[in-house]
Amino acid sequence: GEGGAASQFVASSTREVPRTTKNDELGNTRTLDRAFADRLVLVVREASTGRWVFPGAAFDHAASLTAEPVLSPHGFKLSPLAAAVHRSTTNAFGQDINFWVVGSGPMAVHLQPFDEEEQSRRQSYGRKVFLFRADILDGRVEMPSQYDDHQWLTRLEIQQAGLFADEGFASVAHDALGCSEQEFVHLAGCKPTASGRPSQAAVDEATADILRLRGVGLDSAAAAAAADVEA
């Protein structure tokens with residue numbers, strides 16, 4: 001009518017995207033084009049040992065002190081460990097992969113004791129394995145020569161396949177991969193201080209939020225931690 005606003009009607013249609021593909025039917029786990037309903041995790045087989053592992057590298061603390069800083073997509077300096085993860089991923093899988101390391105701290109830590117002979121040789125009790133999450137944004141992953149096979153698996157597939165010989169590590173990894181998106185957001189939100197590390201207050205606050213998300217009371221968590229120490 002007179003003085004009325006013009007309007008348009010735009011018709012649109014939607015098409016449901018299948019959550020599985022031909023690769024799922026064929027059992028092809030060497031591609032990201034599958035299992036769209038789940039998060040896929042890269043596992044690789046070491047050519048020298050035949051063991052299935054997560055991609056990783058040894059952390060050189062001395063070298064990390066003089067290495068160029070690595071910034072997150074938000075402009076924060078990553079911690080030495082997170083920066084090492086970023087550098088080793090780029091060195092191993094090429095420059096064509098665009099990814100970011102989620103948060104400045106690990107999502108889990110596992111202590112692997114050496115056997116007595118190895119302890120004597122190394123003069124060390126064992127090693128700590130820090131698990132970080134790195135999300136691929138785009139690009140192509142090139143497999144380095146130290147790995148002779150790879151798979152993109154869901155958390156459940158990794159557990160069912162029993163890929164890791166260390167049952168303790170397998171349990172820690174399974175729990176870490178079950179961390180919800182909300183929990184990762186809280187961990188990634190711990191802004192580093194000038195030193196490149198999150199403040200203890202920020203970490204404590206994020207931990208408290210995660211426990212609340214999981215429905216765990218702080219008192220219960222403290223009791224569980226005390227029990228672990230006594231054990």
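**Figure 1. Q123 is exposed, with a relative accessible area of 67%.** Exposed means over 50% relative accessible area, buried means under 20%, and partly exposed covers what lies in between, with a 1.4 Å probe and protein chains only. This is a predicted model, where local features need pLDDT of at least 70 and side-chain atom pairs count only at pLDDT 80 or more, while totals for chains, interfaces and linings use all residues. Residues are numbered from 1 along each chain as its sequence is written, and side-chain values use heavy atoms, leaving out hydrogens and water. Q123 sits in the loop that joins α4 (116-122) to β5 (126-131); helices (H or I, at least four residues) and strands (E, at least two) are DSSP runs, numbered from the N terminus. Although Q123 is not a glycine, its phi is positive, at about 55 degrees. Most residues other than glycine have a negative phi.

**Figure 2. A35 also has a positive phi, near 45 degrees, without being a glycine.** Look for A35 in the loop between α1 (22-26) and β1. Is A35 buried or exposed? Its relative accessibility is 10%, so A35 counts as buried.

**Figure 3. Three strands make an open sheet in the order β2-β1-β7.** The pairing is antiparallel, and strands count as paired if DSSP finds at least two bridges between them. Strands of a sheet pair through backbone hydrogen bonds, either parallel or antiparallel. At the edges are β2 (52-53) and β7 (147-153), each pairing on one side only. Strand β1 (residues 41-46) meets β2 over two bridges and β7 over six. To find your way around, start from V41, which stands opposite L153 in β7. On the β2 side, V44 has V53 as its bridge partner, and R45 stands opposite W52. Five residues lie between the strands in the hairpin of β1 and β2, where G50 takes a positive phi near 80 degrees. Strand β1 is mostly covered, with five of its six residues buried.

**Figure 4. Helix α3 turns several buried residues towards three strands.** The helix runs over residues 80-93, and its 14 residues should span 20 Å at 1.5 Å a residue; the expected span is 1.5 Å times one less than the number of residues. The end C-alpha atoms of α3 are 20 Å apart, which agrees. Which residues of α3 are buried? They are A82, A83, A84, T89, T90 and F93. These buried residues pack against β1, β3 (97-101) and β7, where contact means heavy atoms within 4.5 Å. After α3 comes G94, with a positive phi near 95 degrees.

**Figure 5. F93 and Y147 form a stacked aromatic pair.** A search of the whole structure finds four aromatic pairs; rings of Phe, Tyr and Trp (its six-membered ring) pair if their centres lie within 6.5 Å, and planes under 30 degrees apart count as stacked, over 60 as edge-to-face and the rest as tilted. For F93 and Y147, the distance is 6.4 Å centre to centre, with 20 degrees between the planes. F93 belongs to helix α3 and Y147 to strand β7, so the pair ties together parts that are 54 residues apart in sequence. F93 counts as buried at 5% relative accessibility, and Y147 does too, at 11%.

**Figure 6. F164 and F169 meet edge-to-face.** Their ring centres are 5.2 Å apart and their planes stand at 80 degrees, so the pair falls in the edge-to-face class. Both rings belong to buried residues: F164 has 11% relative accessibility, and F169 has a relative accessible area of 9%. Ring pairs also bring in F54, linking F54, F164 and F169 into a cluster.

**Figure 7. The largest nonpolar core holds 15 residues.** Such a core is a set of buried Ala, Val, Leu, Ile, Met, Phe, Trp, Tyr and Cys residues joined through side-chain atoms within 4.5 Å. Which members touch the most other members? They are V43, F54, L131, I158, L163, F164 and F169. At least two residues come from each of β1, β5 and α6 (167-177), and α6 gives the most, with four. V43 is a good place to zoom in: leaving aside residues up to four places away in sequence, V43 touches W52, V53, F54, H150, Q151, L153, I158, L163 and F164.
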